[in-house]
Amino acid sequence: MIATETGRTTHSVSSSSQASAKILIADDQPDVREALRMLLKGEGYRTEAVANPAAVLNAIELQDFDVLLIDLNYARDTTSGEEGLDLLSRIQAMDSTLPVVVMTAWGSIEVAVEAMRRGARDFVQKPWENSRLLSILRTQVELSRAIRHSQRLEAENRLLRAQGMPTFIAESPQMQPVLQLIARIGPSDANVLITGEHGTGKEVVAQQLHRLSHRSQRPLVTVNTGGLPEGIFESELFGHVKGAFTDAKTDRVGRFELAHGGTLFLDEIANVPLSQQAKLLRVLETGELQRVGSSKTQHADVRVVSATNANLRDEVSGGRFREDLLFRLNTVEIHLPPLRERREDIPLLTNHFLRQYAQRYRKQVTGFDMAATQALLEHGWPGNVRELDHAVERAVLMAQDQSIRVSDLGLRSRTEGSQRLEDMSLEQVEAFLIKKALGRYSGNVSQAADALGLSRSALYRRIEKYGL
């Protein structure tokens, strides 16, 4: 039983949600802080008590709280409530989801209305009634957690679950060691580096590893690190707080936080700017991160799977990639052979893509004629499985009867490279020059982009457009 200041009594009601809830108390009177601390401790709450507005702002910068219980009047101004109202506005600017309950011994309707207008969730006048205060706090804890949970789910659904998992098709002898390695390391928490040419299916392998792991019920978050401008790299991976920079209008959850408990897939890892690699390494080593603009340390429990078409050891030798980061990423390395080295899989892949696109475009296409099948088997497939996927999609759209013909595939002949530039369309010239640049720099997107006078993200968009 807990006696209230009005003489009435209320039964202590404790729950698991209250036991883990943390409340920040702010009041300039030590006896008030102690009375509130003892009351809330008896209800199973964890508390921290501070004496002034500056200490409030510092506390919420460094820690997470479920509710703030703050006085409106401090030593500088003991009657008007202005000091507390200013503090309330600053709290709302820092975190609008954080519920604040305000108290004052000089309560009035005008002050209460102003506090609510500035974002307070409820209002308590001193001396408080314990039962009402505890009821307000229980409600605000539950509401706060519901709002934050909803926001997190919304972010996950928008970013992580927009696309379904593709089917993994591989039966050729060259792929059997890859399948065996995936089966062995999939259930573990080991960091994995997947290597191979563009379009070989590195993201599909990452998805298979996630499916096999104990983290499969948690998110798989994919980040194309090569396509991130350096200026937003930290914000995308680690998140930011409102006001951290000019365009930071609201708090943002980073990809590491979204992947908490699950898997983070860092695609095109070789193209992470050298200036950002140390920050990424620190998070991988410690599991701790800070949002941009915040000094609050957060923990992210993630399994990291990364991928690249570049030779990272050559990148290390050239001073473009940190060796310690490479060691952290490739506890196990999986190399995917190009499609031209696993031609036995071409019929399986083409039939899979055919069924997929025939259904999508509602076409009565059932197969390939002999000449088209032969062309598929003989083509060099510089874009690998991705190029094959695009070729079959085009063929389904172009087909005029139930069988796909060679002309429907639109495959470039081996002698097409000798075609004169003046006879090509603008898009053909662009694709030709990009392919040449990628070949000259062994698939290194950063170096090819520099040679072409493009940003990495702009080059990635063109690679995707032309299926290179």
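## A walk through two sheets

Begin by selecting I23 and T47: I23 stands opposite T47, which lies in β4. Five bridges join β3 to β4, and these strands run parallel. Two strands are said to pair if DSSP finds at least two bridges between them. The names of strands and helices also come from DSSP: a helix is a run of H or I of at least four residues, a strand is a run of E of at least two, and both are numbered from the N terminus.

Before going on, note that this is a predicted model, in which local features need pLDDT of at least 70, side-chain atom pairs count only at pLDDT 80 or more, and totals for chains, interfaces and linings use all residues. Residues are numbered from 1 along each chain as its sequence is written, and side-chain values use heavy atoms, with hydrogens and water left out.

**The whole chain**

Show the full protein chain, which has 20 helices and 16 strands. Of its 468 residues, 48% are buried. Buried means under 20% relative accessible area, exposed means over 50%, and partly exposed is in between, using a 1.4 Å probe and protein chains only. The chain exposes about 22,800 Å², and carbon and sulfur atoms supply 50% of that area. Accessible areas come from the Shrake-Rupley method with a 1.4 Å probe; for residues, only the protein chains shown count as cover.

**The sheet that holds β3 and β4**

Now select β3 (22–26), β4 (46–50) and β5 (67–71), then add β6 (residues 100–104) and β7 (residues 122–125). They form an open sheet of five strands in the order β4-β3-β5-β6-β7, with parallel pairing. β4 and β7 are at the edges with a single partner strand each, so one side of each has no neighbour in the sheet. From one strand to the next, the twist averages 20°. Such angles run from 0 to 180 degrees between N-to-C directions; the axes are lines fitted to C-alpha atoms, for helices over the stretch in contact.

Which residues of β6 are buried on each side? V100, V102 and T104 are buried on one side, and V101 and M103 on the other, which leaves both faces of β6 covered. Select V102 and look at its partners in the neighbouring strands. V102 is the bridge partner of I70, and V102 also stands opposite F123 in β7. β5 and β6 pair in the parallel sense over four bridges, and four bridges also join β6 to β7.

**Helices on this sheet**

Select helix α2 (residues 30–42), which lies across β3, β4, β5 and β6 and runs at about 165° to β3. Helix α4 packs on the sheet too, touching β5 and β6, and its direction makes about 160° with that of β5.

Next comes helix α3 (residues 53–62), where P53, V56, L57, A59 and I60 are buried. They cover an arc of only 160° around the axis, so they are on the same side of α3; the arc is that of the directions from the helix axis to the C-beta atoms. An α-helix has 3.6 residues a turn, so residues three or four places apart point the same way. Among the elements that cover the buried residues of α3 are β3, β4, β5 and α4 (82–94). At the start of α3, find N52: one of its side-chain oxygens reaches to within 3.2 Å of the backbone nitrogen of A54.

**Helix α6**

Move to helix α6 (residues 130–160) and select L134. Is L134 buried or exposed? At 2% relative accessibility, L134 counts as buried. Apart from neighbours within four places in sequence, L134 is in contact (heavy atoms within 4.5 Å) with L39, L40, E43 and Y45. L134 and L39 are 95 residues apart along the chain, and 8.9 Å separates their C-alpha atoms.

N130 lies in α6 as well, and N130 is buried, with a relative accessible area of 5%. A polar contact of 2.9 Å joins the side chains of N130 and W128. A polar contact is a pair of N or O atoms within 3.5 Å; within protein, one must be able to donate a hydrogen and the other to accept it, and residues adjacent in sequence count only if both atoms are side-chain atoms.

**Last stop: another open sheet**

Finally, select the strands of the open five-stranded sheet ordered β9-β10-β13-β8-β14, with parallel pairing. β9 (220–224) and β14 (332–335) are at its edges. The twist averages 20° from one strand to the next. β9 pairs with β10 (residues 263–267) in the parallel sense over five bridges. To see one such position, select T222, whose bridge partner in β10 is F265.
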